[in-house]
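Let's take a walk through this fold, one piece at a time. Have a look at the model below, and then we'll start with a pair of strands.

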Amino acid sequence: IVGNETNKVSVLVKNCVNKGNISVLSAIGTCRIAGIYGSRNNATSVVTIDGCTNLGAVKITSNNTANSNAYAVGGVLGYAAAGQTTIKNCTNGSATDDTKGEVTFAKAEAGIGIAGIAGLSNLPIQITGCKNYGHVAITGDGGHKDGKKSVGISGVLGYNLVAGITVTNCDNYGLVEFGTGKGNYRMNVAGVVGLTTAGTEAAPNIITSCKNYGTIKYSAASGS
């Protein structure tokens, strides 16, 4: 629906539905994609995504990079890097059709985030009242070859890098899985939040009243 936004704008994306499939066949360098809002990285902008649904498949099928945080894949939002971002009452996938809202990622050698709602956050994002029913998966090897880069994969928020996020009243019903598990990397797989690397007493990361009903599958893993 939206790729990105310019500086000093207020964006409201409300009651939008994506039914189309979004596929990157060969990604080199930075790539952030989603069914509703691909990437947002302007510090002076305010973005609200409200009541939106993604029913399409969102996937990167081939990639080649060693850049940190180069990839972010989400059903609703791919990447949030600056400014104010709120996602509320959004859904990825369908309660009656588990083939809808599939979010998948191929072999990765960089720090990445992939999730049914928001892939990667580098700002104090607020996610409230959202549900994921879609299949979320890394289909090949994951992480970074030297083990210094992390991967976060989950039903709601894949990878968070900052303090002060809020994830409230969000549920995951979808299968979340990591594929072959070969290599030396730091994989983090969960139902609601895959990985959060920051949080302070003054600005804690708050995850409350969330539930996971989906299966978490982590195959043949090595490393940590």
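In this predicted model, strand 4 runs parallel to strand 9 (residues 71-74), and 4 bridges hold the two together. If you want one spot to look at, find Ala34, whose bridge partner in strand 9 is Gly74.

Now zoom out from that pair. It belongs to an open sheet of 5 strands with parallel pairing, ordered 4-9-14-19-24. Strand 4 (31-34) and strand 24 (186-189) each have a single partner strand, so one side of each is left without a neighbour in the sheet. On average, neighbouring strands here are turned by 5° against each other, ignoring direction.

What about the rest of the secondary structure? Strands are what you get: 28 of them, with 0 helices. Contacts reach across the sequence, too: take those with a separation of 6 or more, and 83% join residues 24 or more positions apart.

On to the inside. Buried residues account for 53% of the 224 in the protein. The largest nonpolar core has 26 residues, and Ile49, Leu77, Ile87, Ile125, Ile127 and Val167 are the ones touching the most other members. Strand 1 (10-14), strand 6 (46-50) and strand 10 (77-80) each give two or more residues to this core. Ile49 is a good place to pause: beyond its neighbours within four places in sequence, its contacts include Val13, Ile36, Val76, Leu77 and Ile87, along with Lys88 and Cys90. A second core of 19 residues lies apart from this one, with Val58, Val136, Ile138 and Met187 among its members.

Finally, step outside: the accessible surface comes to about 9,000 Å², and carbon and sulfur atoms make up 47% of that.

Methods. Residues are numbered from 1 along each chain as its sequence is written. This is a predicted model: local features need pLDDT of at least 70, side-chain atom pairs count only at pLDDT 80 or more; totals for chains, interfaces and linings use all residues. Side-chain values use heavy atoms; hydrogens and water are left out. Two strands pair if DSSP finds at least two bridges between them. Axes are lines fitted to C-alpha atoms, for helices over the stretch in contact, and angles run from 0 to 180 degrees between N-to-C directions. A nonpolar core is a set of buried Ala, Val, Leu, Ile, Met, Phe, Trp, Tyr and Cys residues joined through side-chain atoms within 4.5 Å. Buried means under 20% relative accessible area, exposed over 50%, partly exposed in between (1.4 Å probe, protein chains only). Contact means heavy atoms within 4.5 Å. Accessible areas come from the Shrake-Rupley method with a 1.4 Å probe; for residues, only the protein chains shown count as cover.
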